[in-house]
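I opened this notebook to record a check of backbone geometry. The entries below concern peptide bonds and phi angles.

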Amino acid sequence: MQRALSLAGKGEGFVSPNPLVGCVIVSADGDLIGEGFHERFGKEHAEVNAINSVADRSKLKGATLYVTLEPCAHHGKTPPCADLIADLPFARVVAAMKDPTEKVSGKGLEKIKASGKQTDVGVLKSEAGRLNEKWLHYIELGRPFITLKIAQTADGYIAAPNGESKWISCKESRALVHLWRSRYDAVMVGRTTALHDNPSLTVRLAEGRQPRRVVIDGPFELPKNLNLFSDQFEEKTIVITHNREKSDADVDPMLKMFQSNYFRGEVLVADKLEGHVNLKQAMRLLAENGITSLLVEGGQQLSTALIKKGLVDRLQLFIAPKLLGGGTKSVFGLGKNRMEDVIPFKSFEWSQSGTDMLLTADL
């Protein structure tokens, strides 16, 4: 099962909104005869790839199949894996955990057990849960798993008094952030960061897929010459606004194509709450668009708003060995006036990233 979990991790960044799944097949003699993992969304599942990797199908008789998540029992992009496994001469199927989705939720293992095979579930369950923590969060809460990334000086500033912020963190930390971008479904900033920094939010310092890009622009007034709206990844940009009129939300998509300022990305319209985009609703809209995980690289306003709304699941805080003494604080105005009101971390750990210290904390 440990080998299956290791294989499953190879699909990170490529299979969402599906879960990461790995599979290993061991013969009746105890030899590893096949393995595979879910490599791309819409492609063959881990069980199919593992079975197809077995050169001598006769060795499947009496074999044990280890899989990190209960085999699917419904028709989706691919046929049900449970049906395939049930029809083959396996003696035993071991799953790390049940699939919590309504379409599966025990049905896959029931099909396999009904075919006369021994089924076991729960081997390395906690490890399997950590592997798919973002997907499980998405399934349970109906919103993306949100990681807030902040890079600040030792005295807590993310920008100098004149607005400059390049570069507070070191090159190793910036490369690590690019790697994270490739592993999250989308990267998000607020309108102030988009306007002042004109970020691309692309993967350049690491290898991996390009994420979708989300910008919160309540009034829908950001200039269309920004990188998010004009570079080669324009189609990956999602704007979330509360301005239905300016967003042309009700205009036929085909008519939009003939507009001179046609935007090839997506526009999602959320309600207005206290003068801003309703962030909780915005997260649900992203989930409905298949975004299971979100890396936020916002400024002070967006970071503070997300924390206040209880929407941050993980904090990745880079602390650079530098002092500014003034400028923009990373977080400001949480409304906590007493020590007993502080927001505690559920868990945390420290590590070093180049010359920076990195605090990883779950909220």
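The entries that follow take the cis peptide bonds and then the positive phi values in turn.

**Entry 1. Model.** I note at the outset that I am working with a predicted model.

**Entry 2. Cis bond before a proline.** I looked up omega between Ser 16 and Pro 17 and found it to be about 10 degrees, a cis peptide bond. I then placed Pro 17 in the secondary structure: Pro 17 sits in the loop that runs between α1 (2-8) and β1 (22-26).

**Entry 3. Cis bond before a tryptophan.** I looked up the bond joining Lys 166 and Trp 167, which is cis as well, with omega about -10 degrees. Trp 167 belongs to the loop between β7 (157-159) and α7 (171-183).

**Entry 4. Positive phi at an asparagine.** I recorded a phi near 45 degrees for Asn 198, a positive value in a residue other than glycine. I located Asn 198 in the loop between α8 (191-197) and β9 (212-216). How exposed is Asn 198? Its relative accessible area is 29%, so I enter Asn 198 as partly exposed, the class between the limits of 20% and 50%.

**Entry 5. Positive phi at a leucine.** I recorded a phi near 55 degrees for Leu 201, again positive in a residue other than glycine. Leu 201 also lies in the loop between α8 and β9. Is Leu 201 buried or exposed? I enter Leu 201 as buried because its relative accessibility is 2%, and the cut-off for buried is under 20%.

**Entry 6. Side by side.** In my table of positive phi values, Asn 198 stands as partly exposed, whereas Leu 201 stands as buried.

Key. Residues numbered from 1 in each chain as written. Predicted model: local features only at pLDDT ≥ 70, side-chain atom pairs only at ≥ 80, totals over all residues. Heavy atoms only, no water. Helix = DSSP H or I, 4+ residues; strand = E, 2+ residues; numbered from the N terminus. Buried < 20%, exposed > 50% of the residue type's maximum accessible area, 1.4 Å probe, protein only.
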